[in-house]
Amino acid sequence: PQIDVSELAASAQICNCNGVTKGKLVQACQEGSDTLAAVCAATRAGTGCGACKPQIHAVLKFAMQQAMPEPAARESRRRSMNKIEVYKEEKNGLDVKADLPRYAVDGWETITDGDKERLKWLGVFFRRQTPGHFMMRLRIPNGISNSAQFRAIASISSDFGKDFTDITTRQQIQLRWFEIDQVQDIWDRLEPVGIVSIQTGMDNIRGIVGCPVAGLTPNELFDASPVVREYNEIFVGNREFTNLPRKFNVTITGCLDNCTHAVTQDIALTPAVKSIAGEEVKGFNVTVGGKQGSGGFRPASDLDVFVLPRDAAQLCSEITLLFSDNGLREARNKSRLAFLIEEWGVDRFRQELEQRVGHPLLTSGSPVGSEAKSDHIGIHPQKEAGLNYAGLVVPVGRITAGQMLEVARLADNYGNGEVRITAEQNLIIPNVPDSLVPALEEEPLLQEFRADPSPVMRGLVSCTGIDYCHFALVDTKGLALKTSRYLEEKVDSDLPALSINWSGCPNACGNHTVADVGLLGKKARVDGNVVDAVDVFLGGKVAEALGVVTDGESSVKTLENVPCDELPETLAKVLESLKAAPVALTV
Ligand code: SF4
């Protein structure tokens with residue numbers, strides 16, 4: 001579009017550093033770049049201040065929106081957009097907050113379809129299974145929480161819910177059963193303990209996953225949790241990041257135990273070292289474009305980039321905004337970053353990123369860490385002598401208010417009040433002195449949340465399932481517990497620890513594509529009747545041991561349409577055969 005950007009640039013009051021970038025912008029205009037696109041490109045290529053460039057870019061984007069084509073053309077563009085893009089164009093999701101008081105008075109039935117979607121920007125989810133009762137997803141960066149937060153969440157679930165919450169595979173917590181007029185009361189209880197729910201749904205950066213024992217484990221290259229916090233602070237509440245083409249998953253980890261599913265994330269920062277000016281420095285390698293839902297699993301691509309911890313949060317922001325500006329928006333099932341990477345190729349994506357940050361990026365370093373995965377369950381010594389962390393299994397991630405209060409008490413009495421949440425829906429109580437470990441092991445809660453679980457309970461993960469998710473085709477949590485309890489009785493004794501992950505639909509929230517044993521819920525026709533069933537995927541060393549050929553990245557569908565009624569016996573046979581397998585299995 002042709003508009004007078006010289007005037008816009010000259011009047012912009014947006015550079016609060018040294019004015020270099022703004023200068024570039026004005027210069028580009030004076031040199032005759034009379035389209036916004038050209039000015040954008042000139043600005044990106046400039047060497048100006050990295051801090052104000054994103055702001056300038058946002059102003060340009062806004063100007064481009066103002067210069068949109070005539071109404072007819074605009075209407076035609078609207079028709080080609082998917083419904084969610086239309087909702088986003090009408091109103092930023094965060095702005096639905098202003099409508100909440102009205103909905104609280106008028107009732108949930110008056111919430112428009114558009115606002116039901118926009119409420120997810122606030123972390124408030126209308127549930128078709130429980131009309132009038134909502135779910136709230138709480139943002140807990142890196143899964144680092146504490147006893148005060150657990151007490152607040154327990155009190156909310158008692159007062160407004162049904163006395164339980166769910167731990168998610170993104171280290172977050174989901175509250176259920178509250179009503180729309182209780183949202184503000186819930187926020188009022190969360191705010192003093194430092195929890196927000198915004199941007200935890202829809203086209204936002206979801207909870208940033210990190211190693212749950214970051215800063216504690218001796219087996220890490222460095223503590224990456226400060227980078228998680230820095231990135232979180234950049235985008236939470238920042239409207240530049242609230243209109244992504246689709247959801248955006250990120251992990252940032254310095255752990256050497258491969259504990260955060262890096263291969264499935266839109267951005268994964270994993271530990272690496274690189275020789276720079278003769279000195280070996282620590283940082284991250286960067287992969288992009290991993291996903292599980294939206295057409296199936298796609299492993300993240302190596303971007304051939306090494307980034308220092310001090311630059312990492314800003315680099316994540318630039319990758320996110322590159323996706324925001326260029327990601328495909330027509331079809332929801334083609335809008336994840338993976339599809340942009342496939343369209344452009346990794347080399348072009350890297351070049352565009354370099355243009356955006358305004359300087360060449362370092363090529364990747366040497367990755368450090370193991371292929372084998374750790375779940376941090378059990379009692380382990382920390383890097384600080386005399387202290388330990390206790391990793392406790394919360395079966396399928398469901399926890400009652402009473403159990404949360406007990407976790408808070410144990411964290412205060414045995415540790416320093418911290419509680420960590422894992423991506424396997426489990427909990428960790430850190431900073432337990434050697435002298436208190438025996439007493440902690442005797443606590444009644446550790447009979448329910450075991451530090452020494454059976455192999456088939458230890459790695460059990462389940463998505464929400466049919467009770468509260470309208471995509472679900474089976475009762476994942478119920479079936480997961482029933483099946484694993486059967487396996488505990490029948491085949492437990494000599495098995496290695498296994499990850500057994502359940503998803504109720506192909507959206508794959510239960511990470512079934514990257515488990516030793518993955519179960520995907522479905523409906524199947526058996527003898528003319530439609531029944532609850534699963535496809536069984538085998539991955540990693542389990543697949544290897546049973547002779548299933550995999551690409552080493554994802555699990556492979558090995559059994560199809562297994563009726564849920566028959567699954568426990570079928571899985572028992574599969575696992576029995578592992579006992580005779582020649583491959584030594586590890587967690
Ligand atoms: Fe719902 Fe499917 Fe995600 Fe399970 S995997 S929580 S059924 S969307």
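These legends accompany several close-up views of the structure, which is a predicted model.

**View 1. Five strands line up in an open sheet.**
Following the sheet across, you meet the strands in the order β1-β2-β5-β4-β13, with antiparallel pairing. The edges belong to β1 (124-126) and β13 (398-400); each has a single partner strand, so one side of each is left without a neighbour in the sheet. From one strand to the next, the twist averages 30°. As background, the strands of a sheet pair through backbone hydrogen bonds, in either a parallel or an antiparallel way.

**View 2. Strands β2 and β5 pair, and helix α9 lies across them.**
Here we step in on strand β2 (residues 134-138) and strand β5 (residues 173-178), which pair in the antiparallel sense over five bridges. One place to look is Phe 134, whose bridge partner in β5 is Phe 178. Helix α9 (residues 147-160) lies across β2, β5 and also β4 (164-167). Relative to β5, helix α9 runs at about 20°.

**View 3. Four aromatic residues form one cluster.**
Phe 134 and Phe 178 appear again here, joined by Trp 108 and Phe 126 in a single aromatic cluster. Two of these residues will be familiar from the previous view, where Phe 178 is the bridge partner of Phe 134. In the structure as a whole, there are ten aromatic pairs.

**View 4. Tyr 231 and Phe 235 meet edge-to-face.**
The ring centres of this aromatic pair are 5.0 Å apart, and the angle between the planes is 65°. Where do the two residues sit along the chain? Both belong to helix α11 (residues 225-235), and because they are four residues apart in that helix, about one helical turn separates them. Is Tyr 231 buried or exposed? Tyr 231 counts as buried, at 0% relative accessibility. Phe 235 is likewise buried, with a relative accessible area of 0%.

**View 5. Two charged ends sit over aromatic rings.**
In one case, the charged end of Arg 102 sits over the ring of Tyr 103, at 4.7 Å from the ring centre. In the other, Lys 162 places its charged end over the ring of Trp 177, 3.6 Å from the centre.

**View 6. A network of salt bridges links six residues.**
Arg 102 returns in this view as a member of the network, together with Glu 90, Lys 91, Asp 99, Asp 115 and Arg 118. Take a look at Lys 91 and Asp 99, whose side chains meet in a salt bridge of 2.9 Å, N to O. Lys 91 is partly exposed, with a relative accessible area of 22%, whereas Asp 99 is buried at 14%. The structure holds 33 salt bridges.

**View 7. Two further salt bridges involve Arg 310 and Arg 450.**
The side chains of Arg 310 and Asp 311 meet in a salt bridge, with an N to O distance of 3.6 Å. Arg 310 is exposed, having a relative accessible area of 64%, while Asp 311 counts as partly exposed at 34%. Arg 450 forms a salt bridge with Asp 452, and their closest N and O atoms are 2.9 Å apart. Arg 450 counts as partly exposed, at 28% relative accessibility.

**View 8. Pro 101 is found in helix α7.**
Helix α7 spans residues 100-106. Pro 101 is exposed, with a relative accessible area of 52%. Its C-alpha atom and that of Arg 139 are separated by 23 Å, the two residues being 38 apart along the chain.

Definitions and conventions. Residues are numbered from 1 along each chain as its sequence is written. This is a predicted model: local features need pLDDT of at least 70, side-chain atom pairs count only at pLDDT 80 or more; totals for chains, interfaces and linings use all residues. Side-chain values use heavy atoms; hydrogens and water are left out. Rings of Phe, Tyr and Trp (its six-membered ring) pair if their centres lie within 6.5 Å; planes under 30 degrees apart count as stacked, over 60 as edge-to-face and the rest as tilted. Helices (H or I, at least four residues) and strands (E, at least two) are DSSP runs, numbered from the N terminus. Buried means under 20% relative accessible area, exposed over 50%, partly exposed in between (1.4 Å probe, protein chains only). A charge sits over a ring if NZ of Lys or CZ of Arg is within 6 Å of the ring centre and within 35 degrees of the ring normal. Two strands pair if DSSP finds at least two bridges between them. Axes are lines fitted to C-alpha atoms, for helices over the stretch in contact, and angles run from 0 to 180 degrees between N-to-C directions. Contact means heavy atoms within 4.5 Å. A salt bridge is a side-chain nitrogen of Lys or Arg within 4 Å of a carboxyl oxygen of Asp or Glu.
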